[in-house]
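Please open the model in your viewer and keep the sequence panel beside it. The tour below goes from one selection to the next and says what can be found at each stop.

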Amino acid sequence: MEVALSIFSIIISTFIAYHIFFLSKRLSMRDKLAHQKIINEYISRLKSEIYSKKRCSRVYLVDADVYEKYYPNNDNKFGRYSHIKGEIKDAFFNGIEIITETINVVQDTEGKYIRCSNEKLTENNKMKAIKVGIIPYDWVIDINLKGDDTNSSALIYCYFRKKSNWKFERRVKLNKEGNMYRTKLCLLSREWLPFKTYEYYLLNPNFQENINYPWEIYLYPIKVYDKNR
């Protein structure tokens with residue numbers, strides 16, 4: 001009898017644990033979707049103001065882990081930025097898209113897009129693309145559309161979880177006159193970024209601001225190869 005009760009108790013405990021586990025996963029997914037919906041609403045409002053020319057597309061990405069310690073200062077002994085600048089592109093299912101840079105590309109005989117410098121561009125092969133960093137929704141904490149006393153652009157508070165390897169390099173700093181210079185000594189540092197992945201989009205060479213919709217400046221995603229490959 002005692003053995004039967006013990007087996008029954010184990011079965012009941014397993015059954016309860018099983019349902020608690022899947023209920024917690026279901027609640028977690030619901031929370032994630034609710035968070036994603038809030039972020040999407042912020043980005044939608046931001047894009048609407050950009051398209052109506054009420055504000056520029058610049059945003060600042062603020063590292064939540066060092067916000068209280070370093071922000072708004074970007075000059076510290078570890079060379080870790082408290083915030084970085086970018087341009088908002090959109091918000092998709094996998095996260096917020098941030099434009100990090102515009103690059104020149106040419107298409108080779110195989111149809112591959114090769115990154116190149118200005119010197120190798122001609123009027124016949126001149127094409128531009130944007131590099132876009134993807135910030136996952138669960139790396140985003142909050143968005144302040146109004147900015148703050150330091151930056152009037154929208155602020156995206158997020159985790160900078162993408163880390164490079166430690167390396168020795170000469171850091172870029174500002175002198176008292178506001179000019180940039182490199183330190184004489186190489187210091188140990190690494191780079192923290194909020195982008196989990198990157199994508200490239202080809203820009204529309206025929207885009208005209210007074211004719212096209214703002215989003216028609218982007219054609220389609222492409223894969224970009226280094227010129228040495």
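## First stop: Asp90

Begin by selecting Asp90, which counts as buried because its relative accessible area is 17%, below the 20% under which a residue is called buried. The model you are looking at is a predicted one. Asp90 belongs to strand β2, which covers residues 83-92. If you now add Lys47 to the selection, you will find a polar contact of 2.8 Å between the side chain of Asp90 and the side chain of Lys47. When residues up to four places away in sequence are set aside, Asp90 touches Ile43, Lys47, Gly95, Ile96 and Glu97.

## The whole protein

Before going further, zoom out and colour the model by secondary structure, which shows two helices and 16 strands. Of the 229 residues in the protein, 32% count as buried, and the exposed surface comes to about 15900 Å², with 53% of it supplied by carbon and sulfur atoms. Among the contacts with a separation of 6 or more, 59% are between residues 24 or more positions apart.

## Gly95

Return to the neighbours of Asp90 and select Gly95, a residue of strand β3 that counts as buried, with a relative accessibility of 0%. Apart from residues up to four places away in sequence, Gly95 touches Asp90, Ile134, Ile135, Pro136 and Tyr137. A distance drawn from the C-alpha atom of Gly95 to that of Gly133 should read 9.4 Å, although 38 residues separate the two along the chain.

## The nonpolar cores

Next select Leu61, Ile96, Ile98, Ile135 and Ile156, which, of the 24 residues in the largest nonpolar core, touch the most other members. At least two residues of this core come from each of α1 (2-51), β1 (58-63), β2, β3 (95-107), β6 (140-144), β7 (154-158) and β13 (192-193). It is α1 that gives the largest share of this core, with four residues. A second core, separate from it and made of eight residues, includes Ile103, Val105, Ala129 and Leu202.

To see the surroundings of one core member, centre the view on Ile98, whose contacts beyond four places in sequence include Val59, Leu61, Ile88, Val132, Ile135, Ile156 and Phe195.

## Cys158

Move on to Cys158 in strand β7, where the relative accessibility is 0% and the residue therefore counts as buried. Once the neighbours within four places in sequence are left aside, the residues in contact with Cys158 include Leu61, Val62, Ile135, Trp139, Val140 and Pro194. Ile141 is also in contact with Cys158, and the C-alpha atoms of these two residues are 5.3 Å apart in space, with their positions 17 residues apart in sequence.

## Aromatic rings and charges

Show the aromatic side chains now, among which there are five aromatic pairs. Tyr67 and Tyr157 form an edge-to-face pair, with 5.7 Å from centre to centre and 90° between the planes. Because Tyr67 lies in helix α2 (residues 67-70) and Tyr157 in strand β7, this pair ties together parts that are 90 residues apart in sequence. Tyr67 is partly exposed, with a relative accessible area of 32%, whereas Tyr157 counts as buried at 17% relative accessibility.

Then turn to Tyr213 and Trp215, whose ring centres are 4.9 Å apart and whose planes are at 5°, so the pair is stacked. Trp215 has a relative accessible area of 44% and is partly exposed. Add Tyr51 to this selection, since ring pairs link Tyr51, Tyr213 and Trp215 into a cluster.

Two lysines are also worth showing beside their rings. The charged end of Lys89 sits over the ring of Tyr201, 4.1 Å from its centre, and the charged end of Lys131 sits over the ring of Tyr198, 4.4 Å from its centre.

## Two backbone details

What kind of peptide bond joins Tyr71 and Pro72? The bond is cis, with omega about 0°, and Pro72 lies in the loop between α2 and β2.

Finally, select Lys53 in the loop between α1 and β1, where phi is near 65°, a positive value in a residue other than glycine. Lys53 counts as exposed, with a relative accessibility of 60%.

Terms used
Residues numbered from 1 in each chain as written. Predicted model: local features only at pLDDT ≥ 70, side-chain atom pairs only at ≥ 80, totals over all residues. Heavy atoms only, no water. Buried < 20%, exposed > 50% of the residue type's maximum accessible area, 1.4 Å probe, protein only. Polar contact = N/O pair within 3.5 Å; in protein donor to acceptor, adjacent residues only side chain to side chain. Contact = heavy atoms within 4.5 Å. Areas by Shrake-Rupley, 256 points an atom, 1.4 Å probe, with all protein chains shown as cover. Core = buried A, V, L, I, M, F, W, Y, C linked by side-chain atoms within 4.5 Å. Phe/Tyr/Trp six-rings, centres within 6.5 Å; stacked < 30°, edge-to-face > 60°. Lys NZ or Arg CZ within 6 Å of the ring centre and 35° of its normal.
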